[in-house]
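Please look over the sequence and the structure below, and keep both in view while you read the explanation that comes after them.

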Amino acid sequence: MAMTPRDRRLDTEYTDMRQLVRASSMVTFTAHGLPPTRYDVVLTCRGLVFNQEELGLSSHHEFTLTLGGSFPLLPPEIVWKTPIFHPNIRPPRVCTGDIWYPGMSVAELCVQLCELVQYKSFNIYDPLDRGAARWLGINLEADEPVVPIDPTPVRDLAFDLDLRPRASPPPAGPDLPSTGPGPASVEPGLPAVEPDSTGREGGPDEQA
């Protein structure tokens, strides 16, 4: 049976995701479907979290991308699974309004999300987490800002570009695993933030 335009796009996205893993030590994933329509992604870049009401560092972040029927006109649905302190991420929600466009690949979206975690990218004027936005605004005015939290390039590995025709995902069943490092410990020691009773500063969720 001939592939539909949607299947070809999904197949291309899977190929691009595999190439991203070859180029980055920070991104691993498990794909679901043939061709994949869901990715469970793990990032090992450094970001901020609350640990026992103290702001600290973590290098383990997980989220799921689901490529729905309106993809790529609409961005993949993102469900953030791990704790994080960022103006534009408040689990399970992520604001992609300033990021996504229909020609963007899922792999590039993962790069952009990793750069959000690293505090290379942020929007403090339309935040999901107002407490994180206030903290960042104050930090940016400091003599020695602590951002970005992790300056490492997302594509940090040398690799040979595969110029062969893109192949369909292998017929290995619905789950296509890609293994990577496990959870990392949280490291305290960043400027303090006074959280509310939920352990997070700021008010209720806002639409992005």
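The paragraphs that follow take up confidence, overall make-up, strand pairing and, at the end, two cysteines.

Before reading any detail, keep in mind that this is a predicted model, and that the mean pLDDT of the protein is 82, with 75% of its residues reaching 70 or more. Over residues 160-186, however, the pLDDT is below 50, although this stretch still has 54 contacts in the model beyond near neighbours in sequence. Residues 194-208 also have a pLDDT below 50, and for this stretch the model shows 39 contacts beyond near neighbours in sequence. Where pLDDT is low, the predicted coordinates should not be read in detail.

With that caution in place, we can turn to the overall make-up. The protein contains three helices and ten strands, and if you follow the sequence from its start, these elements come in the pattern α-β-β-β-β-β-β-β-β-α-α-β-β. Of the contacts with a separation of 6 or more, 69% are between residues that lie 24 or more positions apart. Among the 208 residues of the protein, 44% are buried, while the area that the protein exposes comes to about 10,600 Å², of which carbon and sulfur atoms supply 54%.

How do the strands pair? One place to begin is strand β1, residues 27-33, which pairs with strand β2, residues 36-43, in the antiparallel sense over seven bridges. These two strands, β1 and β2, form a hairpin, with two residues between them. Strand β2 also pairs with strand β5, residues 61-66, again in the antiparallel sense, and here the pairing runs over six bridges. Tyrosine 39 lets you trace both pairings: in β2 it is the bridge partner of alanine 31, and in β5 the bridge partner of tyrosine 39 is leucine 65.

Finally, consider the cysteines, for which the count of disulfides comes to zero. Cysteine 45 is in no disulfide, and the nearest cysteine sulfur, that of cysteine 114, is 3.1 Å away. Why does this pair not count as bonded? A disulfide needs two cysteine sulfur atoms within 2.5 Å, and because the sulfur of cysteine 114 is 3.1 Å from the closest cysteine sulfur, in cysteine 45, the two are too far apart for a bond. As for their surroundings, cysteine 45 has 0% relative accessibility and therefore counts as buried, and cysteine 114, at 0% relative accessibility, counts as buried too.

Note on methods. Residues numbered from 1 in each chain as written. Predicted model: local features only at pLDDT ≥ 70, side-chain atom pairs only at ≥ 80, totals over all residues. Heavy atoms only, no water. pLDDT = per-residue confidence, 0-100. Contact = heavy atoms within 4.5 Å. Helix = DSSP H or I, 4+ residues; strand = E, 2+ residues; numbered from the N terminus. Buried < 20%, exposed > 50% of the residue type's maximum accessible area, 1.4 Å probe, protein only. Areas by Shrake-Rupley, 256 points an atom, 1.4 Å probe, with all protein chains shown as cover. Pairing = 2+ DSSP bridges.
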